[in-house]
Amino acid sequence: MKYICPICGYVYDEEKEGRPFAELPEDWVCPVCTAPKSLFEPAAPAPETPAASASPAADPDGGELRRISPGVIAAICSNLARGCEKQYKAPEAALYQELADYFTRLAPPEPEAGLDLLEELLAEDLSAGYPPLRTAAEAEADRGTLRALTWGQKVTTMLLSLVRQYRQRGEAMLENTPIWVCTICGFIYLGEKPPAVCPVCKVPAWKFEEVKGRAAG
């Protein structure tokens, strides 16, 4: 029997390893991306989703423009800045980052921010956010969007796993452990040094940045 990591694609082959997957300790992690054992899936082909459910959901606002918060605009501009950096368009990246910084300053504090809300939003993205977007992208044969969705879904899965691990282990999980983030896809890696290649988007280690704690005040 084989088990596959949904983040990086690493395959645990029981026959080659000489040990059943079920006998691995619960704190065993993927040797490539450190995804926990609980995320691994049997290497059985998944049934295809019927094409009949491919129609996108109707716009509840009747197609009218909707007001979005400064925080959302800041996130959009920040992502656009990253995209420009990837395309080596430094002036455009700087302009988008300036907009992101401006809207970040306008964004009010989120009173309900915390692990509960973060876990809820990540789980909602995986269950209700990505599926209709993927359906629409497949209907349009939009390969670029499909690739971005694949990256995003893997990163979100890993983020949700890290939040749940933190709930169980607390600060001990991060004690003396550097945190690295891929500047291209957002994948987060805990370890002494970043992986040689990002498990999600395959960029080299120098594309990772270490996350430093912010000074109080």
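1. The sulfur of Cys-5 lies 3.5 Å from the closest cysteine sulfur, which belongs to Cys-33, and this is too far for a bond. A disulfide is counted here when two cysteine sulfur atoms are within 2.5 Å, so the 3.5 Å between Cys-5 and Cys-33 does not qualify. Cys-5 is buried, with a relative accessible area of 2%. The model is predicted, and the distances should be read as such.

2. A similar question arises for Cys-198: which cysteine sulfur is closest to the sulfur of Cys-198? That sulfur is in Cys-185, at 3.6 Å, again too far for a bond. Cys-198 is also buried, with a relative accessible area of 1%. The structure as a whole holds zero disulfides.

3. Leaving aside neighbours within four places in sequence, Cys-198 is in contact with two other cysteines, Cys-182 and Cys-185, and also with Phe-187, Val-203 and Phe-208. Cys-185 therefore appears both as a contact of Cys-198 and as the holder of the closest cysteine sulfur.

4. The largest nonpolar core has 29 residues, and those touching the most other members are Cys-185, Phe-187 and Cys-198. Two or more residues of this core come from each of helix H5 (143–169), strand E4 (179–182) and strand E5 (188–190). H5 gives the most, with four residues.

5. Three strands make up an open sheet, ordered E2-E1-E3, with antiparallel pairing. Strand E2 (11–13) and E3 are the edge strands, each pairing on one side only. Strand E1 (residues 2–4) and E3 are joined in the antiparallel sense over two bridges. Within E3, Pro-42 is the bridge partner of Tyr-3.

6. Lys-37 sits in the loop between helix H1 (14–17) and strand E3 (41–42). Is Lys-37 buried or exposed? At 9% relative accessibility Lys-37 counts as buried, because the cut-off for buried is under 20% relative accessible area. Not counting residues up to four places away in sequence, Lys-37 touches Phe-21, Ala-22, Leu-24, Pro-25, Glu-26 and Trp-28.

Conventions
Residues numbered from 1 in each chain as written. Predicted model: local features only at pLDDT ≥ 70, side-chain atom pairs only at ≥ 80, totals over all residues. Heavy atoms only, no water. Buried < 20%, exposed > 50% of the residue type's maximum accessible area, 1.4 Å probe, protein only. Contact = heavy atoms within 4.5 Å. Core = buried A, V, L, I, M, F, W, Y, C linked by side-chain atoms within 4.5 Å. Pairing = 2+ DSSP bridges.
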